[in-house]
Amino acid sequence: MAKSRFVTEQSLLFKMATQKSSGTRYIGEVKRQLREGFGIYIYPNTFFRYEGQWKKGKKHGHGKLLLKDGSYYEGEFADGEIEGNGLRYWAASGNTYSGQFICGELHGTGVMQYKDGGRFEGEFTCGMREGYGILVDCNGQTYQGSFHENKKHGEGQMSFRNGDHYEGGWVMDQRQGHGALRCADGTIYEGQWRGDTFSGQGAVLHCSGVTYDGLWINGCPAGIAKKIVIMGDEVIEVVQGWPVTIHVQLQDEDGQLCEGENGRVLKIWAGIKNFQRPATQSANFLELLEDLEEEKPIPTPFGFECISYPMMPARVRSREPTAEDRVNSQSSLTMVPKPNAPMETKADSISNILQESERDPFSTDDVPKRSVSDYSDDSLTPPANQRVELGTAVFTDLLLAPPPAKYRSFMFLDEPGKKAGKKPSARISAEKLTVSQEKMGDSRSELTVKGSKSKKEHVVPDDTVVRPGDYVIMVQEVTTPPFLGQTLPPAFKLLRILPDGTKSKSSTVRH
């Protein structure tokens, strides 16, 4: 009985280590005077504390190493080292790692949970991300691919917070080499990268439909268009009633054609000079001008502002003579002049009779080749927008419409004075009338008077076709959204409408 009690007390003594002068303290199991089994060990500097399994005096098996700042490791130990699978927590950063360890370092496969919400799952080497892994940062962005020294390096793909997705090469956390970026708005770029931006040969398909294939420098296309140019003479001339074709190019700063660009949307616009309000006009005319001024005038490089004038595609047929035209043509030979109408001389009268007899009453020579009289102001369809192909665009067969009703009042205001010249005084007109009546008494005077009246009627403007004169053509970019956030400045060209029967100098635009 006494011997058994002695053995038990001896066993307890071996299980309890005594405090030494160095401050080291061990409480636990021992075997052959070595720590063996479970025990608690406090290091001499009291910063470290170990609780766990021991073997032959070394930490071995499962245990927990605690640090005085609150950090700790819990997991497998081998021959006194952190080795195998375990959990590591850093109190200073708040990060937690769960995975494989070698010699106390993060080595192998593991999961790092960052305090800010980020997470990495993959391979580690000597405590750093190395090899393949998946990184989700605090913003929810996900990278899946190769790592080197904690950085994205090699081939990988990344989904960004804004919805963009990149797949390709990386060098030290930056996109480099060949890669493809698919943006959330539908824009796609595929080509070379350097310094995390487009650099080298690459092609982009913009969400607006614009494409560019060529050289990129620091994220910008080297051959991007800087201006719109309307080709042709300084002033494009076209005969009244005939269509015009407008050729457009996109050019860079040096005036070179940008063949690498496709898809920009261009709109064509016609305008007339915005004129100042006359101080002596009637109230109705002033009200008309106020209506026109509701439209904001557009400045031009020609030194004046323009307001829009309707333009449309030439899809109308040539006008054929109607029954009303035939009646009017025949009745013009039998109309009796009004009293006191001015008379022509006998020679002029005979000449006019011969000309009238030789003319086909149903001829359409005096009718413009194209008629748009079937269109009302509200039914005019503007020309369709055009997309650029290989840096060029063509607006084919366009017509300026007849003067809209709201424009006619001022467009024809000075027309009679321009065509008739200086108006004779009342005294001269009366004298000519008296002489003519004395010299001509036969029935041919009626025809002469009619012929003279017809000539005067021809000077009345025809509001079924565009009026001859100068107009402005503008081509502007309406790409939506703008390509790379920029819209090209508009281009302008003067368009001169010549009276029907005049030969146009700009034969290349007349069809």
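Ala, Val, Leu, Ile, Met, Phe, Trp, Tyr, Cys and Pro count as nonpolar, Asp, Glu, Lys and Arg as charged, and the others, Gly among them, as polar. The exercises below concern a predicted model.

**Exercise 1. The largest cavity**

Determine which residues line the largest cavity, which strands supply them, and how the lining divides by residue class.

Solution.
Step 1. A search of the whole structure yields three cavities of 30 Å³ or more. The volume of the largest cavity is about 60 Å³.
Step 2. Its lining consists of Val238, Val239, Gln240, Gly241, Trp242, Val244, Leu398, Leu399, Leu400, Val466, Leu495 and Ile497.
Step 3. At least two lining residues come from each of strand 20 (235–239), strand 28 and strand 30 (491–498). Strand 28 gives the largest share, three residues.
Step 4. Sorted by class, the lining holds ten nonpolar residues, two polar and no charged. Gly is counted as polar under the scheme stated at the outset.

**Exercise 2. The surroundings of Gln251**

Establish where Gln251 lies, whether Gln251 is buried or exposed, and which residues surround it.

Solution.
Step 1. Gln251 belongs to strand 21, which covers residues 244–251.
Step 2. The relative accessible area of Gln251 is 10%. Buried means under 20%, so Gln251 is buried.
Step 3. The side chains of Gln251 and Gln249 are joined by a polar contact of 3.0 Å.
Step 4. Beyond its neighbours within four places in sequence, Gln251 contacts Ala225, Lys226, Lys227, Val229, Met231, Gln256 and Cys258.

**Exercise 3. The position of Pro404**

Locate Pro404 in the chain, classify it as buried or exposed, and give the separation of its C-alpha atom from that of Thr464.

Solution.
Step 1. Pro404 sits in the loop that runs between strand 28 (392–400) and helix 5 (405–411).
Step 2. Because its relative accessible area is 6%, Pro404 is buried.
Step 3. Pro404 and Thr464 are 60 residues apart along the chain, and their C-alpha atoms are separated by 9.6 Å.

**Exercise 4. Confidence along the chain**

State the mean pLDDT of the protein chain and identify stretches where pLDDT stays under 50.

Solution.
Step 1. The protein chain has a mean pLDDT of 77, with 66% of its residues at 70 or more.
Step 2. Residues 17–21 stay under 50, and the model has five contacts beyond four places in sequence for them.
Step 3. Residues 412–460 likewise stay under 50, with 50 contacts beyond four places in sequence.
Step 4. Where pLDDT is low, predicted coordinates should not be read in detail.

Technical notes: Residues numbered from 1 in each chain as written. Predicted model: local features only at pLDDT ≥ 70, side-chain atom pairs only at ≥ 80, totals over all residues. Heavy atoms only, no water. pLDDT = per-residue confidence, 0-100. Contact = heavy atoms within 4.5 Å. Helix = DSSP H or I, 4+ residues; strand = E, 2+ residues; numbered from the N terminus. Buried < 20%, exposed > 50% of the residue type's maximum accessible area, 1.4 Å probe, protein only. Polar contact = N/O pair within 3.5 Å; in protein donor to acceptor, adjacent residues only side chain to side chain. 1 Å grid on protein atoms, 1.4 Å probe; cavity = no way out; pocket = protein on both sides within 12 Å on 5 of 7 lines; lining within 4 Å. Points joined across faces, edges and corners; volume = space filled by probe spheres on them.
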